[in-house]
Amino acid sequence: MADRIVIDPITRIEGHLRVEIEVKDGKVTDAYSAGTMVRGIETILKGRDPRDAWAFVGRVCGVCTSTHSLTSVRTVENALGISVPPNAELIRNLMANALYIQDHVVHFYQLHALDWVDVVSALKANPAEASKIAQSISAWPKSSVGYFTDIQKRFKNFVESGQLGIFANGYWGHKAYKLPPEVNLIAVAHYLEALQWQKELVKVHTVFGGKNPHPNYLVGGVPCSINIDEANAVNAERLAFVGQLFQDAKTFVDQVYIPDLLAVASFYKDWGAIGGGLTNYLAFGDFPSNGYNNPDSFKMPRGAILGRDLSHILEVKAEDPEQIQEYINNSWYEYSKGNDSGLHPWDGETKFNYTGPKPPYEHLDFSQKYSWVKTPRWKGHPMEVGPLARTLVGYASGRADYKEVVEYALKTLDVPVAALFSTLGRTAARGLETKLTCGWALEFYNQLLANIKNGDSRTQNNASWDPETWPKKAKGIGMVEAPRGALSHFIVIEDKKIANYQLVVPTTWNASPRDPKGQRSAYEESLIGTPIADPKNPMEVLRTIHSFDPCLACAVHLYDENGSTIHEMKTY
Amino acid sequence: MRNRTTPLREVHVWELPVRFYHWINALCVVTLCVTGYIIGNPPAFMKGTEAYFNYWFGTVRFIHFVTAFVFFFNFIFRLYWGFTGNEFARWYNYIPLKRCQWKEMLEVIKVDVLQLTNKKIDSIGHNSLASFIYFLTFLIFLLQCLTGFGMYAAMSKSFLPQMFAWVVPFLGGDMHVRQIHHILMWGFILFAIVHMYLVFYHDYIERRGVTSSMIGGWKFIEEDVVERHDNRTEECPKKI
Amino acid sequence: MENQRPTFYEELRGKGVSRRDFIKFCTTMAAFMGLEASGVAQIAKAFETKPRLPVIWFHFQECTCCSESFIRASHPIVADIILDKISLDYQETLMAASGAPAEAAYKAVMEKHPGEYIVMVEGSIPTENEAYCCIGGRSALQILQEAVKNCKAVVAWGNCASAGCVQAASPNPTGAKPVHKVISGKPVINVQGCPPIADVMAGVVVHLLTFDRIPQLDGMSRPKAFYSRRVHDTCYRRANFDAGLFVESFDDEGAKRGYCLYKMGCKGPVTYNSCGIIKWNDSVSYPIQSGHPCIGCAEEGFWDNGPFYQHLPGVAGFGIETTADKVGLGLGIGTAVGIAAHAVVTNVRKHKEIINEPEAGSEVETKKV
């Protein structure tokens, strides 16, 4: 008889996720993931000005803040045939870079680390030993014996206060924790440092977008103007500030994040064989170095991998109705064409149809609909999206920068390529692409400086700003690689208003319930076979779930009264 | 139909304070509408210059605010005069509490608006429909003061605007207040157009000297109408 | 138990913060709260003597931007000290525990500290169907109503909890409601904004701790310390507004010189927040400074006051870009046409009366009364 274990709420994620697993003989035999909150942002968007959409969809998620806004302006620009000035593209890239680095660091330390790091064990550490280890793996200056002694003392006082705050009721002392106390202490120190540091890099958003979270975007470019002879615009001081922030970020990533990641990983190499799950990976690619309409110039390449076959990169076309389809057979919505039909987002058509138990409830009934998350499929296949998918596509495409970091990590940890297909691989891939992103950010930054030096200060294309210039009907797609994976928006504009707006987001791909063929999506599939040492404290489940960096508010907003089909197409 | 050669009598309808009120109000409304419209849609005639040389938009707003105070106190005065002025200025003219006032309104609509018949309306002051419309404009005045000073309260800590500080939270935010204030401005503009037309229309048809009455105070009213009014045998005595 | 809790000051000292830095921190907080120098001593005293305040922080229909903003609080020690100071016993984004142990954490606070703990809420509450937001199998409404029963006060973070925010925008498909509409009998502080400015969030917490009372609130329950001024009145571009210097289109010459964004739809004149004073992310900038008009995110219903890029809101039922002015102009033209028609009809229908007028120079008897 299998045990049924419920984990709800899953914490240290964005949004509301519930996971139920069945455990038999110390292993997970079945898993269900359910999104338990819905807001209906797509319905709200109908009838509004497409130029305003970025602000609405931006509020889909405040953790990966700005990615939805970026996707939205790309979507509207795609529909209206607008291309943005090179500076605007670079500034958007820089903002996305800043988000990647900040978000991945926060994920590693604040959201994921506590699955691997036993903070209570750090109290037993020898600070001198910790200092020695820290200095052996990194040149980061905060590594003296005194420093670690202070941190330990500070933390000890905290624990002794009896009020553990956010650390209360953790899985401290769990058998699955394997780090020596000294490494735990280093991680605790860096947990606090990361918390202080993360607020710095987002200032890139504040410079260009005025605030963070939820910086401002603009259809046609970026809202900030460049004028190197003016105090009220982006000038040398602002640019130097951005440059400094990226330099500091690179230092932090190279000297803290990556060494910590590899150090922690070296103690958990067994997780290189756990939590692999799906064998299919999808990436839309991003960071255009020569215009968004030219995907070949993307720093992150676009493509799909099926069956872990790294020798074939398949072409991805989001506008192809045969490629992307969404199902609702296990989600609390209804389709007019029937429960088991799949719809391309342009024809997206949904209606709330809650059939679950009335709260409060103990269990969800998995023979029925059980989630607010829809189920997207690529050519009928369930796909994993996110850092691992991107890294695999980049690596398999033979990109030199990807090859270099991947091979470096594999060599350092002394594991085979197959270890990438795992919980550990996912967590490592996130770190590796952070390292790549730091490099790209400086490249984009230098390009921006060069442009300005050459006299190009344009940041906005106003040609199609006025709705009078718009066609009567237009359709558009915007694709972005959000920190959590492939993100796409679909818009239909009619009579200068939004007629239909659909979002297919990373966590929808990963966290969705089963499709009509009974295929599990990434979360559910990856949990199968996970060892559970203590069914009362299923921490191992969190490791794998957190390795995806769930973002549930993104996944469950999908609601749209009646998607009408329009056959007129505009440029893509 | 009464003959045009019916003897007329000059009646002193509009007292001096009422006439002053009217023209001050007219001036204020015009000023407020013009400046208000500019505040809502500032023209783009300044470019390539620096802020320290200019203050024209601030001046426009200043004029708007000063005029608003004049308008407000003028309005308060008129309300006061509604209780102390002559019978044509009294408040009961404006609020249709009597059946006959509603009847007269219907008559006016038939005669002057739809022009179904050519009967004559025998009012010395305002006819009932006109009075009622003025009553509505008074409500707009009131709303305009509430919303205007409500918004102004955020900028001034002085006593009068602070009395209106509750308006913004009550209406759910400045944006809503601003929108109401702006829409009501169009109420003034539409009223002014119709008002001026009708004044000339009545002079054209009735020749009672409506237009000049707001300057001199005198109207030319047919003898029999005045007599019926004095004997209180008119069709619709408004006095309470 | 509670009496043995270390004070904030003791904790700071334990963390190696010097007395001098501590006073500096208090001064900064006092400056934020507009206190006189004497207030500094008061803040310092509060931190030295008060035990840590238990806090339960719920997430309902939200996007976590308030949590994200909170951890951006930028004064030297606020980010981690405030976290410790308020004994954040339940906070889904940051807490270590998941599932039942997590829920146990906030239930323990409710049992151990009745009447003492603060409930902080991020997100709105769906009322159309409670199942639109469930945590641990219970609905947001059930969780909230139970938790506030014995709390000291409620802090509603951000526009979601204060006014419903984006999910409450028309047509509000989930019936999303702010905290103050679904609970009663407890003071609710609306800390507005989408999200609120990090340092405003920190400032509200410090105010609660220091003075042990709810800050003075405005008509919409927002702390006056941060929401008594319009963004417009504290905007550094205000001089351009008074001078009538406006950006006419994005990235035009005016934009490059920092003119006023009024005509680009800036909602600064109708929005109460500290953006122009405290600014964002360590006072680096704020939307207007970075060239984008304020969208009014600290105001109730700001989503339905759009479109964002025009000064006046659209008029419902008239389509994009139809303002009151367009409707007014239409009515004005309609009136003029009506008048013209009326004048023509008058000349026809009242022909007799008009020609019936006395000849010029003929005497009509007039009497003065």
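In chain C, contacts over long stretches of sequence are common: residues 24 or more positions apart account for 69% of the contacts with a separation of 6 or more. Two residues are in contact if their C-beta atoms, placed from the backbone, lie within 7 Å. Buried residues make up 57% of the 369 residues in chain C. Here, buried means 20 or more other C-beta atoms within 10 Å of a residue's own, exposed means 12 or fewer, and partly exposed is in between, again with C-beta atoms placed from the backbone.

This is a predicted model, in which local features need pLDDT of at least 70, side-chain atom pairs count only at pLDDT 80 or more, and totals for chains, interfaces and linings use all residues. Residues are numbered from 1 along each chain as its sequence is written, while chains are lettered from A and ligands numbered from 1 in the order in which they are written.

As for confidence, the model scores ipTM 0.91 and pTM 0.88. Chain C averages a pLDDT of 83, with 77% of its residues scoring at least 70; pLDDT is the predictor's confidence in each residue, from 0 to 100. Where pLDDT is low, the predicted coordinates should not be read in detail.

**How chain C is built**

Chain C has 15 helices and 10 strands. These are DSSP runs numbered from the N terminus, with helices being H or I over at least four residues and strands being E over at least two. The domain assignment splits chain C into domain 1 (53-227), domain 2 (238-308) and domain 3 (315-339); such bounds come from an automatic or database domain assignment. Taken over C-alpha atoms, the centres of domain 1 of chain C and domain 3 of chain C are 44 Å from each other.

**Who touches whom**

There are 2 pairs of chains that touch, and the most contacts are between chains A and C. Chain A and chain B do not touch, and their nearest C-alpha atoms are 12 Å apart.

The contact between chains A and C takes 83 residues from chain C and 85 residues from chain A. On the side of chain C that touches chain A, the elements that each supply at least two residues include α1 (8-14), α4 (65-70), α5 (78-85), β2 (88-91) and α13 (253-257). The largest share of that side, 5 residues, comes from α6(C). By class, the side has 38 nonpolar, 27 polar and 18 charged residues. For these classes, Ala, Val, Leu, Ile, Met, Phe, Trp, Tyr, Cys and Pro count as nonpolar, Asp, Glu, Lys and Arg as charged, and the others, Gly among them, as polar.

Over at chain B, the contact takes 49 residues from chain C and 48 residues from chain B. On the side of chain C that touches chain B, α12 (238-242), α14 (324-349), α15 (351-355) and β10 (366-368) each supply at least two residues. There, α14(C) gives the largest share, 11 residues. The residues of this side divide into 19 nonpolar, 13 polar and 17 charged.

**Backbone oddities**

Most residues other than glycine have a negative phi, and most peptide bonds are trans. A few spots in this model go the other way:

| Site | Backbone feature | Place |
|---|---|---|
| C:Thr64 | phi about 70° | loop between β1 (55-59) and α4 of chain C |
| C:Ser87 | phi about 40° | loop between α5 and β2 of chain C |
| A:Asp8 to A:Pro9 | cis, omega near 5° | A:Pro9 in the loop between β1 (3-7) and β2 (17-24) of chain A |
| A:Pro359 to A:Pro360 | cis, omega near 0° | A:Pro360 in the loop between β8 (324-327) and β9 (375-378) of chain A |

C:Thr64 counts as buried because it has 26 C-beta neighbours inside 10 Å. C:Ser87 is buried too, with 22 C-beta neighbours inside 10 Å.

**A helix in chain A**

α12(A) has 31 residues and reaches 45 Å from its first C-alpha to its last, close to the 45 Å expected at 1.5 Å a residue. That expected span is 1.5 Å times one less than the number of residues in the helix. After α12(A) comes A:Gly455, whose phi is positive, near 95°.

A:Glu443 is found in this helix, which covers residues 423-453 of chain A. A:Glu443 is partly exposed, because 15 other C-beta atoms lie within 10 Å. C-alpha to C-alpha, A:Glu443 and A:Leu90 are 9.7 Å apart in space, though 353 residues apart in sequence.
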